[in-house]
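Here's a quick walk through this model, starting with a couple of backbone oddities and then moving on to where the chains meet. Have the structure open as you read.

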Amino acid sequence: MKQKLLSLIFVWTCLVGIAFAQDRQVRGKVTSSTDGAPLGGVSVLVVGASIATQTDASGNYSIEVGADGTLNFSMLGYVSKRVKIANQSTLNVELVSDETALDEIVIVGYGSTTKEAFTGSAKKVDGANLQQKNTSNLSQALAGEVAGVSVVNGSGQPGTAATIRVRGFGSVNGNRSPLIVVDGVPYSGNLTSINNNDIESATVLKDATATAIYGSRGANGVIVITTKSGKGQDSFIEADVNFGSNMALLPRYDVIRSPEQYAGLSWESLYNYSQAIGGYTDAQATEYANNQIVTQGSINIWDVANGSELIDPITRTVKSGVDRLYDPENWEDYAFQNSNRTDINVKFGGSNDKTNYFTSYGYLNDQGYSINSDFKRYTGRLNLDHKVKPWLNVGLNFNVSKSERNNNGQSEDSGSIFWFVDNMPSVYPLFERDENGNKIDNPYHGGFVYDYGENSNRRFGSLTNSIADATYGVDRHNRNELNGRGYANFNVIKGLTFENSFGYQYYNNNQIIKNDKFYGSAASQGGSLYHQNSEMNFYNFLNLLRYRNQFGDHNFEALAAHEASSYNLKYLTLSGSGLVDPNSLDFNNVVVSNPNGGYTEDYNLESYFGQINYDYKGTYLLSGSVRRDGSSRFKNNKWGTFGSIGAGWVLSNEEFLANNDVINFLKLKASYGLIGDQGGVGYYPGYDVFNVVNVNDEPGFSFDSKGNEDLTWETSKMFQAGVEFRLGNYLTGTVEYYLKNTSDLIFDRRIGPSVGYALIKVNDGNLRNSGLEFDLTGHILKGSDYYLDLGINGETFKNKITKMPIDPNTGQPKTLDIQGTAGWAVGHSIYDFYLREFSGVDPMDGRSTWKVYYTDNNNNNEFDAGEQIPSLNQFENPDNKEIKEGTTKNYAQATQFYNGKSAIPKLRGALNLRAGYKNFDLSVQMLYSFGGYAYDGAYATLMGNSVVGSNNWHTDILNRWQKEGDITDVPRLSNNATTDQNVSSASTRFLTKANYLALNNIRLAYNFDANLVSPLGLSNLGVWVSADNLWYHSARRGFYPSTAESGASDMYRYSPLSTISAGLRAKF
Amino acid sequence: MKRKFYIILLAVASISTVACKKDFLEKTPSEQISNEQLDLLAIQDPTILNGYINGIYGKMFEVGSGGTTGHDDFGQKGYDMYADMLAGDMVLAGTNYGWYSNIANLTATVNYTVNQAYMPWRYYYSIIYAANTVIESLGGNDANPEEVVKAQMIGQAKALRAYAYFYLANFYSKEGYGTGNEKILPLYIVPGTVNNPKSTAKEIYDQMVDDLDDAIVKLDGFSRGNAKHAVNQSVAKGLLSYVLAARGANADLQRVVSLTNEIISSKEFNMTDSLEAVANFNEAGELQNLQSGFNSVSTKSWMWAVDLTLANNLDLVSWWGQVDLFTYSYAWAGDPKIIDDGLYAEIKDQDIRKRQFDEDLWPINKFFAPDRRIGGQRNVITDYVYMRLDEMVLLNAEANARLGNSAAAIASLKSLLKLRFADEADYSYVDGLSGSALLKEIYLQTRIELWGEGKTYLALKRNKESLTRGSNHLFYAGDTYQYNDPAITFLIPQAEELNNPNLNK
């Protein structure tokens, strides 16, 4: 219904536009005189009339004007230009950069500056770049736009936000996420509630100068989002519609899809098992496998009586002439779908000398490729600014969002569709079969009864069926969200303003999980219902005094401020069972109620801060800031002080470069600062906490975790040096180097659990991140009606622990802390793998071998049990013995050690190509990463050796060891024989190169000539086709290292979604 | 000019006065509760401190109390299952989901990296830490507070500490109690922040005995009402009986005899009768004796048990889920736990306990949710038993037999068998037993009576027996293991070896 309403509005606005059509049409393109690049956002005004327009992103404009009129072209940072029409219908204009006015405005912390006057690192991304991607929110759209920013898109579920990392891995156990600021207010809501189309720009602040003003929240970068305004624009209506299709275009793992092939492998597995365990002869083993194949694995879809009729023991494959009773479904066919994506936006805006406004309505319906996974969102925004008095400006930014997200089939257990699709042995059907192999009608829901394995004795995911559950169940988030800001700015005297702002964010999210009344886990209790209601309130008060003035060649700005923030999130949980109406999601529909629960998470933050910026002739730049933050998260040591200094030198303003034809612009900059982080410690890390347990209706306080009342901020000292340049008309770029030492790390220090707990949060240890980032754009071709720009950005960085926390047992720093597949130790990164090393398969018996370092205590020159060094990095070698290398078939004896591989890539970033020819614009964005490794655990599961029928295999299993003498690196299958239990345990065998090259976005647009569309009353009309995630190359099909921070795979992951869409935008 | 003055005033006032109230930066948790909040609450209502003791009882059935998210991590009853599988009498008859498979195939015991080696260690030491914290807060190990309530809290805490050390000493010490000089476990009797080295078995057992002796004194007169989750004096005596029987000196066994006699003769509990022991059905297949099923705390023989309700939020991750066909969980979903066929064969046909198992050897007539609907119990409200009187009777028989008091041993044993056989002639053969044959019979009856209750492993170790896996084991069928075989005792977990540099000092 709402979709129709929006369509109507769109049509209506078209009609209105036509009614106002007038005069003749002049069109043209505005470019920059320095590099010929098209200039978007240039105001084009008919002198003496109130007709105006703006150039689009490609610099094109069209406007109605009388034949003898004059057009005024203006843009900040460029010298305005007036041109007479003189009967021309095409008017291309070059604007000259205004050397003194500098270039584009960049919004930074608590203020704005220009790119050229800024001493820090701030990369501005235009909204247009973000909006050309088919994503629901900023986080995914940011991928590839900024050097040093990595976007980890952990789920293809529509409406989820990606994980963003700025400059390496900032902490060990603390927070690593950047601070998000929306229209000046630190943001605690959900990025998905902000319509991508409302974003004017996003600026990523990376170094200390840029982020220290955010004090304790700036250590992992800051992303400043500015939403659109109507400033400087005549009243306009703009509408766009975008229709597309989502699909599972990127391949999944290659797995065994043939039931016969699966049966053959299973037979072999049983055969080997009986030999491994029982020492059977060939005949005995054959008999054993024949007897077990049907019963043990429940592999019984063929018209045979027993295993000997099914399998040829020589070829170990299904005999010819054996027919299936029925064809088991390929589960993927029922799990995935091609689905629709609709994105419609209508925007209004305008301004006069006192007021400007922008308002928008958005509708997004984004359906995932996995069944019942979707995201539907309505957004509305009002941005208003009004000059009440010459000394008073007031304004409002207000955003509302209502969304519904269905997440069916994505739990990290047997409810996962993705786990089922890859790991379901191909012999098991999706739908239950009767004794004749026929599907059974479903009396409750229609269709057929899904197979839960109850009668078929399916060994994988017994008693569950994630596709059925995703079909009949509900897993939904209904979220209503408000965020905004009201402000009043007082001009006290010239240059002195007092700015007062109140930011507020609110959401109410109701998560609803319903399990079906008739099938699945809750069938025995008549269905079940669960609600978790979470309500978030966040407010922020800011009082800021700013003084800005110019004294001759000296530009000066200073500010002082106080800010208080308060965050409060309340949870309420209800659950029950026994649904009367199987479809109702209300609790009066529930017969049996379970106990309810609820709690609050909250923190407050109070801050005082100030900043000074100074420049002389725009050539010598200096800035400094200081901030003192107090946080309720810390019990005894609440307050921390942070600050930075930065300096810049614009060499190209100096005499000696004044007339240089090559170096048009050159700036050197450096900064140093202290920044902190308070996240990642939970909300109450200072306390020893207890779970409240009901013990016979009396309260019980069960010890949960140990607090640390002395815990405080972790502090990063960050140094940066960089250069920004523009060489002729060919190349613009930025290169930056940073070194960031983080001390007082928030560290989950492990302790021998016999003390009563396993870890404690401490401030200890140091971590160093250092890296080089570059962002280069080459203007390769340029002509009057074509251009080609090629941009490349990237980063290379190192991460190193420089000090480990003190072990109170010894008073010395800990030697090693093992964290899953990684080991933390001085001199190593937090993503250096510390694993057992797989040393191949013994050709004699097909068993896995692993490397063991040992001390040859009995001097027999071979490894014996008990001589192994379990963990090489911790081995002190008290007797100074020679360390020898050997191999073992006992996984537990193998040595864990650093094998020199790390998850940190050598180089990663993006390639951006933009080209235009006449009315066409093409952009292509590719993401790349080289030189890292990742642990492919999902593949390890598919290469496992579990009992037959309990898991599917990757097709690489076809390379397995089969007989004595086989040289291979895939061990034998042996039905989980006790000797082979660790074949897929963590080892270097599953470390995989994490290199990838991905076609992130490609878009082709056509902008109609203004004289064609002006009779329709349009000032601008464009159409485009766009595609996301069309192609992805990695070391293995189905392996997507960009979907996790460490690159590791996960068998439950919703792998990336591909979208192809077409859209239209019209402006009146 | 006036206006400017006002604005400046406003600005200065705003920046200085909005400076927040003093308590703006004070926040306390509400999902969980901190000891400081509890201390404040105790000023108003001192009885709330008893919640610290209750919390330890809560941990005994808390999901995740072993520090993992495993579906075999649900407190004491989870480790009872480990014990039953290591002892071989409980057979894991399917591995569809694979919980317990590395216990059943004896790889968890030789691999110190796996969670199954870690969880019991983590769980029992967290009980010890909690008990130490309570004892410390009430004046320490030597305290004898005047206030009865406080003394009783110390008594319970000490008993719980001994309980935890006792299970650690079984699970992590190959010999059980060997010479006493073997170093087995780190010992903590105060809450600390530094790891201790291993102490000897003698030191550990001496501490347990001291703690339980003191607990028995302090719990004299302690009434726990109708609830059975708390350790009262009888439970403390029962725990002490186990500890002493495991140490096994003659003087220890003498005390076991007298302690168990005290418990039995106190009449606080009755033995599990025949109607409670096994389900009976009419011809229509309907359950006739609702008191059967080992599912209710109201069973008169249960000495130490907990009444589970919806409020405890237990579901498939629970002992009931793992063992009971009638609970929606793993037993039903392809990982059934059944009786070893060798042991089943040794149960006499006339013994009503033979009927506790169906033809597939599933224990569906011993343990079952009362509804008896397959996969029916979704939220677990059937109860957990930790100790019952029948154990005391069997311990009494065993201690007497070990001391050579055959007559007393036989009398105790028969007091149980009388409830398991309809005809006295079917068990009168025990009258003719003595010496090791009698001891073997008592051991066999212990295994039969307490199948699935986590006690056989303790009996195996203290009697220094061996086990032979029946033919229905998925792994190592037919193999025999001595009580001190490394395959049936856990190694100290990697997390301790890595993070406790003092361990072997």
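## Two unusual backbone spots

A:Asp744 is partly exposed, with a relative accessible area of 34%. This is a predicted model, and in it A:Asp744 takes a positive phi of about 50 degrees despite not being a glycine. You'll find A:Asp744 in the loop of chain A that links strand S36 (731-743) to strand S37 (746-750).

A:Asn975 also isn't a glycine, and its phi is positive at about 50 degrees. A:Asn975 sits in the chain A loop between helix H11 (937-942) and strand S53 (991-993). Is A:Asn975 buried or exposed? A:Asn975 counts as buried, because its relative accessible area is 3% and the cut-off for buried is under 20%.

## A helix tucked away in chain B

Now over to helix H3 of chain B, residues 50-59. Nine of its ten residues are buried, so the helix is largely enclosed by the rest of the structure. Among those buried residues are B:Tyr52, B:Ile53, B:Ile56 and B:Tyr57, along with B:Lys59.

What do the buried residues of H3(B) pack against? From chain A there are strands S33 (689-695) and S34 (698-705). Chain B itself supplies helices H2 (35-44), H6 (115-137) and H7 (148-171), plus strand S5 (302-306).

## Where chain B meets chain A

On the chain B side, 83 residues are in contact with 92 residues of chain A. The two chains bury about 7,600 Å² between them, and 56% of that is on carbon and sulfur atoms. Within chain B, the residues that lose the most area to chain A are B:Leu25, B:Lys27 and B:Tyr129, together 10% of what that side buries.

There's a strand link across the chains too: S33(A) pairs with S1(B) in the antiparallel sense over two bridges. In that pairing, A:Phe690 has B:Ile33 as its bridge partner.

## Polar and charged links

How many salt bridges turn up across the interface of chain B and chain A? The rule finds three. One salt bridge joins A:Asp602 to B:Lys27, with their closest N and O atoms 3.1 Å apart. The interface also has 42 residue pairs in polar contact, both residues at pLDDT 80 or more.

As for which elements of chain B give two or more residues to the side touching chain A, they are helix H1 (2-17), strand S1 (33-34), H2, H3, H6 and helix H18 (494-499). By class, that side of chain B has 40 nonpolar, 30 polar and 13 charged residues.

Terms used
Residues are numbered from 1 along each chain as its sequence is written. Chains are lettered from A and ligands numbered from 1 in the order in which they are written. This is a predicted model: local features need pLDDT of at least 70, side-chain atom pairs count only at pLDDT 80 or more; totals for chains, interfaces and linings use all residues. Side-chain values use heavy atoms; hydrogens and water are left out. Helices (H or I, at least four residues) and strands (E, at least two) are DSSP runs, numbered from the N terminus. Buried means under 20% relative accessible area, exposed over 50%, partly exposed in between (1.4 Å probe, protein chains only). Contact means heavy atoms within 4.5 Å. Buried area is the accessible area (1.4 Å probe) that two parts lose on being put together, summed over both. A salt bridge is a side-chain nitrogen of Lys or Arg within 4 Å of a carboxyl oxygen of Asp or Glu. A polar contact is a pair of N or O atoms within 3.5 Å; within protein, one must be able to donate a hydrogen and the other to accept it, and residues adjacent in sequence count only if both atoms are side-chain atoms. Ala, Val, Leu, Ile, Met, Phe, Trp, Tyr, Cys and Pro count as nonpolar, Asp, Glu, Lys and Arg as charged, and the others, Gly among them, as polar. Two strands pair if DSSP finds at least two bridges between them.
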